[in-house]
Amino acid sequence: MKLMKANELKEKTVSELNSMLVDLKTELFNLRFQLVTGQLGNTSRIKIVKKDIARVKTVLREHELKVSM
């Protein structure tokens, strides 16, 4: 998976963003589990996934604020 751009995320629907968020959180859990068990080779992937989660949450919040206005 590649690093996501905020512009790409803004084009997605709220339901797509929510499903993406669930997938990213699951991936982060698995990466952390692999790190603890010593099976993770690319530790920088954790940082990338965390930033992607933050981007998705930010775009979701923007959608939330647009709806409430």
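Leaving aside its neighbours within four places in sequence, which residues is valine 49 in contact with? They are Leu24, Glu27, Leu28 and Leu31. The model in which these contacts were computed is a predicted one. The report below starts with the chain as a whole, then takes the helices, the core and the charged pairs in turn.

## The chain

The chain holds 3 helices and 0 strands, and its pattern along the sequence is α-α-α. Along its principal axes, the C-alpha trace spans about 50 × 15 × 15 Å. Of the 69 residues in the chain, 25% are buried. The chain exposes about 5100 Å², and carbon and sulfur atoms supply 58% of that area. Among contacts between residues at least 6 apart in sequence, 63% join residues at least 24 apart.

## The helices

Helix α2 runs over residues 14-37 and helix α3 over residues 44-68, while α1 covers residues 6-10. With 24 residues, α2 reaches 35 Å from its first C-alpha to its last. That is close to the 34 Å expected at 1.5 Å a residue. Helix α3 has 25 residues and reaches 37 Å between its first and last C-alpha, close to an expected 36 Å. Just after α2, glycine 38 takes a positive phi of about 80°.

The buried residues of α2 are Leu17, Met20, Leu21, Leu24, Leu28 and Leu31. What covers them includes α1 and α3. In α3, the buried residues are Arg45, Ile46, Val49, Asp52, Ile53, Val56, Val59 and Leu60. These residues of α3 pack against α1 and α2. The buried list of α3 thus includes Arg45 and Asp52, and both return below among the salt bridges.

## The nonpolar core

In soluble globular proteins, nonpolar side chains tend to be buried together. In this model, the largest nonpolar core has 15 residues. The members that touch the most other members are Leu9, Leu17, Met20, Leu24, Val49, Ile53 and Val56. Helices α2 and α3 each supply at least two residues of this core. Valine 49, the subject of the opening question, is one of those members, and Leu24, one of its contacts, is another. Glu27 is also in contact with valine 49, and glutamate 27 takes part in a salt bridge with arginine 45.

## The salt bridges

The structure holds 4 salt bridges. Among them are the following, given with the distance between the closest N and O atoms.

| Residue | Partner | Closest N and O atoms |
|---|---|---|
| Lysine 10 | Glutamate 62 | 3.9 Å |
| Glutamate 27 | Arginine 45 | 2.9 Å |
| Arginine 55 | Aspartate 52 | 3.3 Å |

Lysine 10 and glutamate 62 form one of these bridges. Lysine 10 lies in helix α1 and glutamate 62 in helix α3, so the pair ties together parts that are 52 residues apart in sequence. Lysine 10 has a relative accessibility of 43% and therefore counts as partly exposed. Glutamate 62 is partly exposed as well, because its relative accessible area is 33%.

Glutamate 27 and arginine 45 form another bridge. This pair links distant parts of the chain, with glutamate 27 in helix α2 and arginine 45 in helix α3, 18 residues apart. Is arginine 45 buried or exposed? Arginine 45 is buried, because its relative accessible area of 11% falls under the 20% cut-off. Glutamate 27, at 21% relative accessibility, counts as partly exposed. The side chains of arginine 45 and glutamate 27 also make a polar contact, at 2.9 Å.

Arginine 55 and aspartate 52 form a bridge within a single helix. Being 3 residues apart in helix α3, the two are separated by about one helical turn. Arginine 55 has a relative accessibility of 25%, so it counts as partly exposed. Aspartate 52 counts as buried because its relative accessibility is 0%.

## Summary

The predicted model shows a chain with 3 helices. The buried residues of α3 pack against α1 and α2. Salt bridges join α1 to α3 through lysine 10 and glutamate 62, and α2 to α3 through glutamate 27 and arginine 45.

How values were computed:
Residues numbered from 1 in each chain as written. Predicted model: local features only at pLDDT ≥ 70, side-chain atom pairs only at ≥ 80, totals over all residues. Heavy atoms only, no water. Core = buried A, V, L, I, M, F, W, Y, C linked by side-chain atoms within 4.5 Å. Buried < 20%, exposed > 50% of the residue type's maximum accessible area, 1.4 Å probe, protein only. Helix = DSSP H or I, 4+ residues; strand = E, 2+ residues; numbered from the N terminus. Contact = heavy atoms within 4.5 Å. Expected span 1.5 Å × (residues − 1). Salt bridge = Lys/Arg side-chain N within 4 Å of Asp/Glu carboxyl O. Polar contact = N/O pair within 3.5 Å; in protein donor to acceptor, adjacent residues only side chain to side chain. Areas by Shrake-Rupley, 256 points an atom, 1.4 Å probe, with all protein chains shown as cover.
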